[in-house]
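This report introduces a protein model and the molecules placed in it. Please keep the sequence and the structure in view while reading.

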Amino acid sequence: MNQAEAKAAQSAVLILDDERDMCEFVADVGSDLGFKTHWCDNFEDFACRYSIDLQGIFLDLAMPGMDGVEIIRFLGDNHSEAPLVLMSGYDSDVIDAARRLAETRGLKVAGVLHKPFMLAELSAIYKILAEVRRSPRPSAVERPKDIYRPDAQALSNALDEGHVVPYFQAKFCASTRQVKGAEVLARWIDPERGLIGPDRFIPMAEQDGLIERLTDTVIRKSLAQCRLWRRLGFAPRVALNLSPLLLRWLDLPDALLDMAREYEVPPEQIMLEITETALVGDFSASLDILTRLRMRRFGLSVDDFGTGYSSLKQLQQGPFTELKVDQSFIAKALTEEGARAIVESSIALGHRLGLKVVAEGIETEEQLELVRSLGCEEVQGYLLGRPCAAEGFTWPQPLPHQ
Ligand code: G
Ligand code: G
Ligand code: MN
C-alpha cells in the first residue's frame, strides 16, 4: 500500500441520499479509491454517522421529508471541514444557491453533481475523490481556535514598535498590463509569529479605538515610501483603504491634505478606497466629508462594490471617481450566470456614472479577458501581482516627458 492509499484507508466518506442506487454508485467509486464509505438514506442515521474527521460528504439536496438546507445548517453548526459534494436533480440556479448557502456557513464545497448520473458524473466523482485524497486530512488543517487572535494591547505595542507596515499590490491597465498604481494593504509583521493579515486586526482596531492611530501609521509610511519613489524618478499612484469609521471625522479632509503636503505627494496621485457599506447610515455626514475630500483633489473609490447595502442613489450622489467590482463576483463570473450578470452590469453602471472601473481578485487569464472585453479599465489580483513589501515592488520606468 502506498502512502496515499494508506491515508485514504483511514479516511471515511459519508453519503446521504434517499435513493439507494445513488448511494451505492458513489460508494463504489469511493471504495475503488480506497476510502471507507458509509451511506444512509435518512437524516437520523446521517447525524449518528457524522464525525469531524470525515474526509468527504456527498449530499442529496432533495429528499422526501427534508431538504438539504437543513443538513447544510447541521454541518455548519458542527463546523464540518470535510469537502462537501452537492447532488441534485434541481436546476443549476437552485444548486448554485445551495452552494452559496453552504459557503456562507463556512463549508467547503468540493463539487456539484447533476442527476441523473451519467458517464460525466462518474468521472467527476473520481476526480473529486482523487482530489480529496491528496488534500490534508481535516485534523491536520489549522483549526480556527489555533489562530492567534491579537488583543488591543498587542496591537498598540506593535504600532509603537513599528511592526505594522504597508504592503503594496499593483493595479494594472486591463489591456496593456502596465502598472498604473498600487493599493496599500496593511500588514502586521510580528517578529515571532510572522505575518498577521488585516482581517485579524482591523476589526479589532475599529472596535477598540485604535483605528485612527493605525491609519495614521499606515498612511504616513506609505506616503514616505511614495516620496522616496518620486525622488527616484517614478510617478507612484497609491490607493489607501479608509475605515468607514473615519468618515465620521470632520477633520479627515484637512488631516489627509496636511499629510499629503508633508510627504510631497500630490492628492491627485492618492485614491481613497471606501467600502460600500460605509455609505449606509448617516449618508449626509459622509457626503460632506467625501465632497470636501474631492475638493482637495483626492480620488474616491467605491470598494467591494456589490456587497454593501448602499442605494444606487447614494452611488450616484457621491463624488466618486472609481468603482471596484468585488472579487467575490469575479471569482464566480465564469461559472455562475448571476455573478456574471453582476460583473457586467456593475461595469456598465460605473461607466454610465462616469467612473473608472477596476476589477479585483483577477486570478486567471479567462477572468482578465472577460473584464477587459467588458471595458473594465484596470485590474488587480494574484494573476498579475500579489501584495508585497515596498522593496519588492517595481514601478515601470516613467516616460521622459512625465
Ligand atoms: O490585505 P487583505 O490582504 O487581507 O485585506 C483584507 C481587508 O483589509 C481588505 O478589505 C482591505 O480593504 C482591508 N485593509 C487592508 N489594509 C487596510 C488599512 O490600512 N486600513 C483599513 N481600514 N482597511 C485595510
Ligand atoms: O476589500 P479590498 O479590496 O481592500 O481587499 C483586498 C483584499 O483582496 C486583500 O485581502 C488582498 O490580499 C486580497 N486579494 C488581492 N488580490 C487577490 C486575488 O487575486 N485573489 C484573492 N483571493 N484575494 C486577493
Ligand atoms: Mn481596497
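## A contact with ligand 2

An oxygen atom of ligand 2 has a polar side-chain atom of Glu-360 at 2.5 Å. The model in which this pair occurs is a predicted one. Two further polar contacts involve acidic side chains: a polar side-chain atom of Glu-363 is 2.5 Å from a nitrogen atom of ligand 2, and a polar side-chain atom of Asp-304 is 2.8 Å from an oxygen atom of ligand 2. On its own, ligand 2 has 520 Å² of accessible area, and the protein covers 77% of it.

## The surroundings of ligand 2

Which residues come nearest to ligand 2? There are 15 residues around ligand 2, and the nearest of them are Asp-304, Gln-327, Glu-360, Glu-363 and Tyr-382. Three of these, Asp-304, Glu-360 and Glu-363, have been described above through their polar contacts.

The space that ligand 2 takes is the largest pocket. Two elements, E9 and E13, each give two or more residues to the shell around ligand 2. The largest share of that shell comes from E9, which supplies three residues.

## The surroundings of ligand 1

The space taken by ligand 1 is likewise described as the largest pocket. Strand E9 (179–190) and strand E11 (238–242) are the elements that give two or more residues to the shell around ligand 1. With three residues, E9 gives the most to this shell.

The residues around ligand 1 are Leu-185, Ala-186, Arg-187, Pro-198, Asp-199, Ile-202, Val-218, Asn-241, Leu-242 and Ser-243. Polar contacts reach ligand 1 from backbone and from side chain. A nitrogen atom of ligand 1 lies 2.9 Å from a backbone N or O atom of Ala-186, and an oxygen atom of ligand 1 lies 3.2 Å from a polar side-chain atom of Asn-241. A polar backbone atom of Ser-243 is 3.4 Å from a nitrogen atom of ligand 1. Taken alone, ligand 1 exposes 500 Å², of which the protein buries 76%.

## The manganese site

What coordinates the manganese ion (ligand 3)? The donors are Glu-183 (OE), Asn-241 (OD1), Glu-273 (OE) and Asp-303 (OD), at 2.1 to 2.4 Å. Along the sequence, these donor residues follow the spacing E-x57-N-x31-E-x29-D. Glu-273 belongs to strand E12 (residues 270–275) and Asp-303 to strand E13 (residues 299–305), so the pair ties together parts that are 30 residues apart in sequence.

Are these two donors buried or exposed? Glu-273 has a relative accessible area of 1% and is therefore buried. Asp-303, with a relative accessible area of 5%, is buried as well; the cut-off for buried is under 20%.

Asn-241 also links this site to the preceding section: Asn-241 gives its OD1 atom to the manganese ion, and a polar side-chain atom of Asn-241 lies 3.2 Å from an oxygen atom of ligand 1.

## The chain as a whole

The protein chain contains 15 helices and 17 strands. Along the principal axes, its C-alpha atoms fill a box of roughly 70 × 50 × 45 Å. Of the 402 residues in the protein chain, 46% are buried.

Strand E9 appears in the description of both organic shells' makeup: E9 gives three residues to the shell around ligand 1 and three to the shell around ligand 2.

Definitions and conventions: Residues numbered from 1 in each chain as written. Chains lettered and ligands numbered in written order. Predicted model: local features only at pLDDT ≥ 70, side-chain atom pairs only at ≥ 80, totals over all residues. Heavy atoms only, no water. Donors = N, O, S within 2.8 Å, 3.2 Å for Na, K, Ca; no water. Helix = DSSP H or I, 4+ residues; strand = E, 2+ residues; numbered from the N terminus. Buried < 20%, exposed > 50% of the residue type's maximum accessible area, 1.4 Å probe, protein only. Near = heavy atom within 4 Å. Polar contact = N/O pair within 3.5 Å; in protein donor to acceptor, adjacent residues only side chain to side chain. Areas by Shrake-Rupley, 256 points an atom, 1.4 Å probe, with all protein chains shown as cover. 1 Å grid on protein atoms, 1.4 Å probe; cavity = no way out; pocket = protein on both sides within 12 Å on 5 of 7 lines; lining within 4 Å. Sits in = over half its atoms within 2 Å of the grid points.
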